[in-house]
Amino acid sequence: MPVIVNPEACQNECGALLVYLDAQRGGIRRSVHGLTEEQARSVPSASALSLAGVLKHVVTGERGWLRVLQGKAGDPKDQMAEWEHTFEPTEDETVEALLALYDEVARETEEAVRALPSLDETFEALRLPWDEGGTRTWRWAVLHLIEEVARHAGHADIIRETIDGKGAFDLVFETGAMPEPDWSVLER
């Protein structure tokens, strides 16, 4: 939650995984809705994270996984160098630019996953400090992306609420991602 995934989009495993991944991406996207660049780059909580930094991190992370999945990852040292700065957007990496890149990366991920004959297809994950690497399925990779984006969407919720008091549901309703429920049904 905070948005209900359309059950019609979950007619098969691939579709279900992609729609749940996109629901979590929506939480990240909504976290920066209506903020100034300065607000999105601010670090208002006990965490060292900004919303712009979280956005950059999930974009870079998904793009990195897509490269690995497609066998285009390159040198693990280059991956580490890129990862080390994923929470630090440069001046050119505005919220608008990062959101556009996120849309592009999301589209590429969806196209790659839908093109698979099966989610049982495998790839070789890189050995990194936090992961031994090895053979993995694309199913594992998509589930991992859902896990990572959901975790960071939670970070974004806290940061956003610290900035202006708007919680995830406020942003869901404000952006039209879901209509505000009829709470009166609870009174019946």
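**A walk through the chain**

Reading along the sequence, you meet the pattern α-α-α-α-α-β-β-α-α. That makes seven helices and two strands, with helices (H or I, at least four residues) and strands (E, at least two) taken as DSSP runs numbered from the N terminus. The radius of gyration of the chain is 17 Å, close to the 16 Å that the globule rule gives for 188 residues, so the chain is as compact as a globular protein of that length. Here the radius is taken over C-alpha atoms, and the rule is 2.2 Å times the number of residues to the power 0.38.

Keep in mind that this is a predicted model, where local features need pLDDT of at least 70, side-chain atom pairs count only at pLDDT 80 or more, and totals for chains, interfaces and linings use all residues. Residues are numbered from 1 along each chain as its sequence is written, and side-chain values use heavy atoms, leaving out hydrogens and water.

Along its principal axes, the C-alpha trace spans about 50 × 40 × 25 Å. Of the 188 residues, 41% count as buried (under 20% relative accessible area, with exposed over 50% and partly exposed in between; 1.4 Å probe, protein chains only). As for contacts (heavy atoms within 4.5 Å), 70% of those with a separation of 6 or more come from residues 24 or more positions apart.

Now take a look at helix H7, residues 168–175, where Ala-168, Leu-171 and Val-172 are buried. They sit on the same side of H7, because they cover an arc of only 105 degrees around the axis; that arc is the one of the directions from the helix axis to the C-beta atoms. Their cover includes helix H1 (13–31) and helix H6 (138–164). Just after H7 comes Gly-176, with a positive phi of about 80 degrees.

Next stop is Lys-56, in helix H3 (residues 51–69). Is this lysine buried or exposed? Lys-56 counts as buried, because its relative accessibility is 9%. Leaving aside residues up to four places away in sequence, Lys-56 touches His-85, Thr-86, Glu-88, Pro-89, Thr-90, Glu-93 and Leu-98.

Finally, find Ala-73 in the loop between H3 and helix H4 (76–83). At 15% relative accessibility, Ala-73 counts as buried too. Its contacts, again not counting residues up to four places away in sequence, are Arg-67, Val-68, Gln-79 and Leu-126. From Ala-73 to Phe-87 is 14 residues in sequence and 20 Å in space, C-alpha to C-alpha.
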